[in-house]
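User: Please take a close look at one part of this model. Start there, then work outward to what surrounds it.

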Amino acid sequence: MSEKKSPAEPAPGDGIRSMRTTNVFRVVNFELYAKPNAIIMGIGVACLLGAMGYIAYMRSKYEKMGYYSAVQTDGTEVFTKKQSKWD
């Protein structure tokens, strides 16, 4: 007399959440099953824009002080002071 529960019918917009998968796949690919969170996304975008703004500010500050970015032979970027050829 035990009734088997039929799996829920996938609704439009469920995407990959409606597929049968293992728990390991769900743990490894958590972002595929989590619902989007606008608050966390907003905080992340604000942090990213803040970091990019800080880098741009520091770069302009160094340029105003007379430094410029030079690429060395190994590919690293270094800020060096501008020098005259006459010095």
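Analyst: Strand 1 and strand 2 form a hairpin, with 5 residues between them. In that turn, Gly 75 has a positive phi of about 95°. This is a predicted model, and local features are taken only where pLDDT is at least 70.

Now the pairing. Strand 1 covers residues 67-71, and strand 2 covers residues 77-81. The two run antiparallel and are joined by 5 bridges. Tyr 67, in strand 1, has Lys 81 in strand 2 as its bridge partner. In a regular strand, side chains alternate between the two faces of the sheet.

Tyr 67 also has an aromatic partner. By the rule used here, the count comes to 1 aromatic pair. Tyr 62 and Tyr 67 make up that pair. Their ring centres are 5.8 Å apart, and the planes meet at 85°. That angle is over 60 degrees, so the pair counts as edge-to-face. Tyr 67 has 25% relative accessibility and Tyr 62 has 33%. Buried would need under 20% and exposed over 50%, so both count as partly exposed.

Tyr 62 leads back to helix 3, which spans residues 38-64. The aromatic pair therefore links helix 3 to strand 1. Helix 3 has 27 residues. At 1.5 Å a residue they should span 39 Å, and the end C-alpha atoms are 39 Å apart, so the two values agree. At the start of helix 3, a side-chain oxygen of Asn 37 comes within 3.3 Å of the backbone nitrogen of Ile 39. After helix 3 comes Gly 66, with a positive phi near 100°.

Last, the whole chain. The protein chain has 3 helices and 2 strands. From the N terminus, the order is α-α-α-β-β. Of its 87 residues, 3% count as buried. Take the contacts between residues at least 6 apart in sequence: 0% of them join residues at least 24 apart. The accessible surface comes to about 8400 Å², and carbon and sulfur atoms hold 62% of that area.

Note on methods:
Residues numbered from 1 in each chain as written. Predicted model: local features only at pLDDT ≥ 70, side-chain atom pairs only at ≥ 80, totals over all residues. Heavy atoms only, no water. Pairing = 2+ DSSP bridges. Helix = DSSP H or I, 4+ residues; strand = E, 2+ residues; numbered from the N terminus. Expected span 1.5 Å × (residues − 1). Polar contact = N/O pair within 3.5 Å; in protein donor to acceptor, adjacent residues only side chain to side chain. Phe/Tyr/Trp six-rings, centres within 6.5 Å; stacked < 30°, edge-to-face > 60°. Buried < 20%, exposed > 50% of the residue type's maximum accessible area, 1.4 Å probe, protein only. Contact = heavy atoms within 4.5 Å. Areas by Shrake-Rupley, 256 points an atom, 1.4 Å probe, with all protein chains shown as cover.
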